[in-house]
Amino acid sequence: GAFNTYVNDIQDASNFTIIQFADDGQFLLSNKNLDSLIINANNELKKILDYFESNKLLVSKAKSNYMLIPPKPRQKLPETIVKLGDEIIPRVSETKFLGVILDDSFKFKSQFDKVKKKIKSTIGALCMVKRTFGFRAKMLIYNGLTQAYLTYGFLAWADCLTKTQLKELEVLQKKAIRLVFGARFNTHTSELFRLSGVIPFNEMYRKESLIFLKKLQIGKRPKIFKDIIGNFETNTNLRSSHQQKIRIPTQFKKGNVFYNILKSWNDSEPELKNCENELKLKALFKELQKEKQKTKKCTTKRCYMCLKDKHRDFSSYMNS
């Protein structure tokens with residue numbers, strides 16, 4: 001808090017759009033012409049450096065870098081020079097901000113690799129304790145590592161992954177939840193998800209989209225998002241609100257992150273949209289998921305795994 005008093009007015013020191021978190025910050029600038037962009041960036045960085053020196057603050061030049069995002073994917077940009085004082089700062093193809101790795105092509109491959117690696121290491125840990133730890137201890141490991149990495153910044157990066165990458169994460173989540181229950185490697189997971197209350201990976205995007213829009217609706221998200229997608233309201237006292245859908249602005253085409261988020265809202269159950277806040281929405285979403293998993297039945301005749309697990313009581317195992 002005390003540090004913020006020194007840098008609260010940094011937004012007024014230059015023409016950068018500045019995103020801050022404590023002593024970490026990103027300075028954004030755009031221009032249709034690359035040469036003009038670099039000239040402007042160097043000029044604005046001089047202002048930022050003057051601001052810091054005037055306020056007797058130090059800039060960590062060794063940790064500073066810049067990234068160019070081309071207007072077209074795979075477009076190669078020429079060499080450029082950006083300076084912070086007398087020092088040339090390096091150009092990078094990806095950078096980490098608040099734990100999410102952003103790359104200049106917005107494919108989030110490094111973020112995907114990071115999440116995948118973390119979940120695999122968690123699966124390894126669960127394998128090591130599968131015969132010694134009980135359900136509750138293994139569930140703590142799962143929630144603290146696998147689920148935490150899957151959900152962190154989910155809407156920012158999951159929307160940009162390929163179907164193959166999404167399938168990989170789905171498979172890894174199922175492996176982890178089977179280990180939590182001490183189940184066989186090919187046990188059906190619908191019952192495991194229902195008992196544990198864990199949201200399956202293929203439903204996580206819809207859940208996070210609903211939470212995001214509900215927070216926006218009740219004023220817990222920055223106003224800029226309402227400027228982007230427009231205002232929307234749900235009157236929970238009217239039955240007609242059950243039929244209400246958010247009009248998706250025409251500038252959002254299929255595949256756009258805001259199109260996908262709004263479509264997830266429109267395709268969801270009315271009772272979820274009418275929740276008073278995000279906490280009630282989360283609780284209701286979990287209950288609806290449990291009901292959904294309960295109705296899932298294996299359609300394979302004389303399924304080998306169904307016969308193998310016929311006498312397994314996973315609910316009793318949860319008390320171990």
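A pocket, as used here, is an open set of grid points with protein on both sides within 12 Å along at least five of seven lines. Keep in mind that the model is predicted.

**Exercise 1.** Work out how much space the second largest pocket holds and what lines this pocket.

*Solution.* Start with volume: the second largest pocket has about 650 Å³ of space. Next, the wall: 28 residues line the pocket, and His188, Thr189, Ser190, Glu191 and Lys296 are the ones nearest its centre. Now sort the wall by element: α6 (163–181), α7 (190–196), α8 (201–217), α12 (278–295), α13 (304–308) and α14 (314–317) each give two or more residues. Of the contributions, α7 makes the largest, with 5 residues. Last, sort by class: you get 12 charged residues, 8 polar and 8 nonpolar.

**Exercise 2.** Decide how α8 and α10 are oriented towards each other, and find what makes up their contact.

*Solution.* First take the axes of α8 and α10 (residues 257–266), which come within 8 Å and cross at roughly 90°. Angles of 65 to 115 degrees count as roughly perpendicular, so α8 is roughly perpendicular to α10. Then look at who touches: α8 brings residues including Tyr205, Phe212 and Leu213, while α10 brings, among others, Val257, Ile261 and Trp265. Finally, the classes: this contact has 8 nonpolar, 4 polar and 2 charged residues.

**Exercise 3.** Is Lys223 buried or exposed?

*Solution.* Place the residue: Lys223 sits in helix α9 (residues 223–229). Exposed means over 50% relative accessible area. Lys223 has 61% relative accessibility, so Lys223 counts as exposed. As an extra step, try Phe112: Lys223 and Phe112 are 111 residues apart in sequence, and 29 Å apart in space, C-alpha to C-alpha.

Conventions. Residues numbered from 1 in each chain as written. Predicted model: local features only at pLDDT ≥ 70, side-chain atom pairs only at ≥ 80, totals over all residues. Heavy atoms only, no water. 1 Å grid on protein atoms, 1.4 Å probe; cavity = no way out; pocket = protein on both sides within 12 Å on 5 of 7 lines; lining within 4 Å. Points joined across faces, edges and corners; volume = space filled by probe spheres on them. Helix = DSSP H or I, 4+ residues; strand = E, 2+ residues; numbered from the N terminus. Nonpolar A, V, L, I, M, F, W, Y, C, P; charged D, E, K, R; others polar. Axes fitted to C-alpha atoms, helices over the stretch in contact; angles between N-to-C directions. Parallel < 35°, antiparallel > 145°, perpendicular 65-115°, else oblique. Contact = heavy atoms within 4.5 Å. Buried < 20%, exposed > 50% of the residue type's maximum accessible area, 1.4 Å probe, protein only.
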